[in-house]
Amino acid sequence: MTEEKKENKNVSVFARSEISLESDPLEEIFALNLGDFISEHLISDDLVSKISRTNVDKLESIKKQLKELISIYSIDNTLKILGFSNKEDYVIYNAIAKTIKQMLEIDACHVFLSKDNAMGLNTTKNDLLLVGSSLQFNDDIYEAEIGYKFNDDNYVSTAYRTKKSIEIADCSKDENFKAILLLNENKVKYYLAVPMFNNMEKVGVIVVENYTDKKLSNEFIELLSVTARLFATSMSLEKLTAETEELINLPDITISQLQNNRAELTALIGDLSSEQQWFVENLAKAVDAKSNFKNNYSQDVADLAKEISTEIGLNEKTKDLIYYAALLRNIGKITLPEELFNKKEKLSKEDWEKLQNHPNVGVSILMSINFLSEVVPYINYHKERWDGKGEPEGLKGRSIPFGSRIIGIADAYCAMTSERTYRNALSSAKALEIIQSESGIKWDPELVEILHGINNK
């Protein structure tokens, strides 16, 4: 055995693969098409030797990896957010603005993008362009070329430059507020400008406005901030996937260039994954705040649903989907008037219909947030009963999706053990007693036993 081999034998598999694969320690993972990072002990010496290859093979291997990433994270898959679609740009951004207006229950929302991100509208003299609005216009609003210079003294430009949100409680008393009449900003009192940015670039600014002095709650402000960052990351990822597609088709592309591109792409994908989770969690908090639930109620339901899923032994992806579905099972409430939840008097028939139909509204929203579309069935059927007398379709027993059954029982337990305006919280023992009495009627008997086991640990 040579000295070099002896030295290599005494270092880890990953370190030796770095030597054999030209300082690319992740290559062996990608070359094996494993998709996820795996434990070092699962890679044998024999496998390490098999994945050492020529530069030509390696170039083609990285191209293949990048093509797979592009196909997974294309515009038709994970980048559809809040009404996002691949139609003409103005439809995309108007849809986003209208969805935000509906979610936050505000009077107006406008989306400004930097010129290099405003596809098809970048001939204007402005640096930040209005690309979408919740307002209805009779004429082509883009002909007006509404926008700002980066260094202009206004709140949109300042939010973009500083990457900090700007909130104005009463614009009528603010001498620095410059109203755009075409956007009805002469009516605006409350104003909030939230920058869209990520770790790679600044993208634009989302502006929300009220014609009264009604302020956004902290939960809604945080939700808007997370939405802005998620949208910015999605846009960056969309651009990078397009650049990558062009890059891998260049005849003289080098391994180093592809590796750098792959590093940027995987970093953005990682950011997107984290921001998607923050978006879901903040959306759930906003729903709870609007519904007058105790803080983190939805989080409690989601945590219990995940604990039940773990006890059953479900795989990680299914556990995550159930977790997200539990967080968002009441998402429809985000689109209902806040006054509906604050009413002290008896609800009208129309009010009841709005409340009873909220899961359907929620499903519609989730269908437009593409990366969450897989949770829709779990949410849609979480009010079904084991005996078939539930809603919306009267599914019975095991015909109810397993995730829906888990969310239903977790929601019931957390509801009974939480304070409500009309009653005190029940003890854990009392809640379990009630659920046990409904085993085989409302709840899956197997899940009732698992819930008992969790509480008796």
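Two strands pair if DSSP finds at least two bridges between them. The exercises below use this rule and a few others on a predicted model.

**Exercise 1. Find the strand pairs around S6.**
Task: Which residue stands opposite Ile206 of S6 in strand S5, and how many bridges do S5 and S6 share?

Solution.
Step 1. Locate the strands: S5 covers residues 190-197, and S6 covers residues 202-210.
Step 2. Count the bridges. S5 and S6 are antiparallel and share 8 bridges, so the pair meets the rule of at least two.
Step 3. Read off the partner: Val194 stands opposite Ile206.
Step 4. Look at the link between the strands. S5 and S6 form a hairpin, with 4 residues between them.
Step 5. Turn to strand S1 (residues 108-114), which is joined to S6 by 6 bridges, again antiparallel. Here His110 faces Val207, and Val111 has Ile206 as its bridge partner.

**Exercise 2. Put the sheet in order.**
Task: What is the order of the strands in the open sheet, and which strands lie at its edges?

Solution.
Step 1. The open sheet has 6 strands with antiparallel pairing, in the order S3-S2-S1-S6-S5-S4.
Step 2. An edge strand pairs on one side only; S3 (147-148) and S4 (166-168) are the edge strands.
Step 3. Check how covered S6 is: 8 of its 9 residues are buried.
Step 4. A general point on strands helps when viewing the sheet. In a regular strand, side chains alternate between the two faces of the sheet.

**Exercise 3. Describe the nonpolar cores.**
Task: How many residues does the largest nonpolar core have, and which helix gives the largest share?

Solution.
Step 1. The largest core has 93 residues, and those with the most contacts inside it are Leu104, Leu113, Val208 and Ile308.
Step 2. Helix H8 (residues 218-247) gives the largest share of this core, 13 residues.
Step 3. Follow one member, Ile308. Leaving aside residues up to four places away in sequence, Ile308 touches Ile406, Ile409, Ala410, Leu447, Ile450, Leu451 and Ile454.
Step 4. A second, separate core has 22 residues, including Leu128, Ile141, Ala159 and Tyr191.

**Exercise 4. Examine a buried charge.**
Task: Where is Asp127, and what is its nearest side chain of opposite charge?

Solution.
Step 1. Asp127 sits in the loop between S1 and strand S2 (128-133).
Step 2. Asp127 is buried, and the nearest side chain of opposite charge is that of Lys149, 4.7 Å away.
Step 3. Apply the cut-off. A salt bridge needs a side-chain nitrogen of Lys or Arg within 4 Å of a carboxyl oxygen of Asp or Glu. Asp127 has no salt bridge.
Step 4. List the neighbours. Apart from residues up to four places away in sequence, Asp127 touches Leu113, Ser114, Lys115, Tyr148, Lys149 and Phe150.

**Exercise 5. Compare three salt bridges.**
Task: Which parts of the chain do the salt bridges of Lys63, Arg229 and Lys442 join?

Solution.
Step 1. Start with the total: the structure holds 13 salt bridges.
Step 2. Lys63 pairs with Glu60, with the closest N and O atoms 3.9 Å apart. Both residues lie in helix H5 (residues 55-72), 3 residues apart, so about one helical turn separates them. Lys63 is buried at 13% relative accessible area, while Glu60 is partly exposed at 45%.
Step 3. Arg229 and Glu275 meet at 3.1 Å, N to O. Arg229 belongs to helix H8 and Glu275 to helix H9 (residues 255-290), so this pair ties together parts that are 46 residues apart in sequence. Glu275 is buried, with 2% relative accessible area.
Step 4. Lys442 and Glu438 form a salt bridge at 3.5 Å, N to O. Lys442 is partly exposed at 31%, whereas Glu438 is buried at 18%.
Step 5. Some salt bridges share partners: Glu105, Lys214 and Lys290 are joined into one network in this way.

**Exercise 6. Search for disulfides.**
Task: How many disulfides does a search of the whole structure find? Are Cys171 and Cys414 buried or exposed?

Solution.
Step 1. Recall the bond: a disulfide is a covalent link between the sulfur atoms of two cysteines.
Step 2. The search of the whole structure finds 0 disulfides.
Step 3. Apply the cut-off of under 20% relative accessible area for buried. Cys171 has 6%, so Cys171 is buried. Cys414 has 7%, so Cys414 is buried as well.

How values were computed
Residues numbered from 1 in each chain as written. Predicted model: local features only at pLDDT ≥ 70, side-chain atom pairs only at ≥ 80, totals over all residues. Heavy atoms only, no water. Core = buried A, V, L, I, M, F, W, Y, C linked by side-chain atoms within 4.5 Å. Buried < 20%, exposed > 50% of the residue type's maximum accessible area, 1.4 Å probe, protein only. Helix = DSSP H or I, 4+ residues; strand = E, 2+ residues; numbered from the N terminus. Contact = heavy atoms within 4.5 Å. Lys, Arg positive; Asp, Glu negative; His and termini not counted. Disulfide = S-S within 2.5 Å.
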